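Me: I have a protein model open and would like to learn how to read it. Could you take me through some of its features, one at a time?

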Amino acid sequence: PGYIEPFAGSLAVLLGRPSLGHGPETVNDADGLLSNFWRAVRADPDAVAAAADWPVNEVDLSARHLRLVSQRAALTERMQVDPEFCDAKLAGWWGWGACAWIGSGWCSGEGPWTSDGERWINRQLPHLGDEGRGINRQLPHLGDEGRGIEAWMQALAPRLRRVRVACGDWSRVVTYSVQRAGGFPCGILLDPPYPEGAMAYSAGDAGAGVWHAARRWAIDNGGNRDLRVVFCGYEGGDVEMPGDWRRVSWSQRKGYANTEEAEANAHREVLWLSPGCLDVEATTGRQ
């Protein structure tokens, strides 16, 4: 079966899947910095690791943040016209900064100040707690290869070897041609920016429209038994999915936003599963 993730983000779901026995996997993100990171890790993991191997430093965090935000548009444009292009240094800086940054807003392009009168960026103190060690603070154990950044990137590279990384509007990768190329049944994870609450990857004012558009697509295509669609969002309010969709509630860490809203939202997370999704306990051994 194929797999499509139109809002790839950190690729946590993709990387959590067993890597054997799958059809083609397609991921997409409109943020060129994210797409560049995954393309660069796949193409040149050692160069990404070298750029990411840096101590936490507030001045460097601010400077690299500004460089990344200012280069986002040009980087995204070049990636969209050159399927082989990537910038390993910017990829490493992005990964390093994402681990050193506290909470949301990393490379969002929004913030309280600007250095050149044009590009607003956030500036804040980096993570200084016990785990504030840049990209090292969340490294998984990789067996006998050790826990170094190089080993991590080198382990990611073969996992991503066959993954197709798109960079653009989410709707381009959920078309029938992409579904068919991956093979049926086709799993599709829709995790768009939510219309409310703080998100780790900001989509600006367009976030609410994207979420509602993705929800409409999910509803319109959820009756297709060849598709196994999972849609993410918050429960409550006046927005729900059709009655034949299964709802799975879960809780997440509220992160560093120590507010009543963050506490409440942490327990509102819902996964809606389309009718084509299987009950794992009842279908052990089936695809």
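Reply: Happily; we will go through salt bridges, a helix crossing and a few loop residues. Keep in mind that this is a predicted model, where local features need pLDDT of at least 70 and side-chain atom pairs count only at pLDDT 80 or more, while totals for chains, interfaces and linings use all residues. Residues are numbered from 1 along each chain as its sequence is written, and side-chain values use heavy atoms, with hydrogens and water left out.

Me: Let's start with charges. How many salt bridges does a search of the whole structure find?

Reply: A salt bridge is a side-chain nitrogen of Lys or Arg within 4 Å of a carboxyl oxygen of Asp or Glu. The search finds four. One of them joins Glu 25 to Arg 17, with the closest N and O atoms 2.5 Å apart. Arg 159 also forms a salt bridge with Glu 25, and there the closest N and O atoms are 3.0 Å apart.

Me: Which parts does the pair of Arg 159 and Glu 25 tie together?

Reply: Helices (H or I, at least four residues) and strands (E, at least two) are DSSP runs, numbered from the N terminus. Arg 159 belongs to helix 6 (residues 149-159) and Glu 25 to strand 2 (residues 25-28), so this pair links parts that are 134 residues apart in sequence.

Me: Are Glu 25 and Arg 159 buried or exposed?

Reply: Buried means under 20% relative accessible area, exposed over 50%, and partly exposed in between, using a 1.4 Å probe and protein chains only. Glu 25 has a relative accessible area of 6%, so Glu 25 is buried. Arg 159 counts as buried because its relative accessibility is 15%.

Me: What about the salt bridge of Arg 216 with Asp 220: where do these two residues lie?

Reply: Both lie in helix 8 (residues 207-221), four residues apart, which is about one turn of the helix. Their closest N and O atoms are 3.3 Å apart. Arg 216 is partly exposed at 42%, and Asp 220 is exposed at 52%. Sharing partners can also build a network: salt bridges join Arg 17, Glu 25 and Arg 159 into one.

Me: Now for helices. At what angle do the axes of helix 2 and helix 4 cross?

Reply: Axes are lines fitted to C-alpha atoms, for helices over the stretch in contact, and angles run from 0 to 180 degrees between N-to-C directions. The axes of helix 2 (residues 32-43) and helix 4 (residues 58-81) come within 8 Å and cross at roughly 65 degrees. That makes helix 2 roughly perpendicular to helix 4; angles under 35 degrees count as roughly parallel, over 145 as roughly antiparallel, 65 to 115 as roughly perpendicular and the rest as oblique.

Me: Which residues make the contact?

Reply: Contact means heavy atoms within 4.5 Å. Helix 2 contributes Gly 32, Leu 33, Ser 35, Asn 36 and Arg 39, and helix 4 contributes Leu 68, Arg 72, Leu 75, Thr 76 and Met 79.

Me: And the loops? Which residues does Phe 85 touch?

Reply: Leaving out residues up to four places away in sequence, Phe 85 touches Arg 39, Leu 75, Arg 78 and Met 79. Phe 85 sits in the loop between helix 4 and helix 5 (88-100). Its relative accessibility is 14%, so Phe 85 counts as buried.

Me: What should I look for in the backbone?

Reply: Try the peptide bond from Phe 184 to Pro 185, which is cis, with omega near 0 degrees. Pro 185 lies in the loop between helix 7 (176-182) and strand 6 (186-190). Then visit Leu 11, which has a positive phi of about 60 degrees although it is not a glycine.
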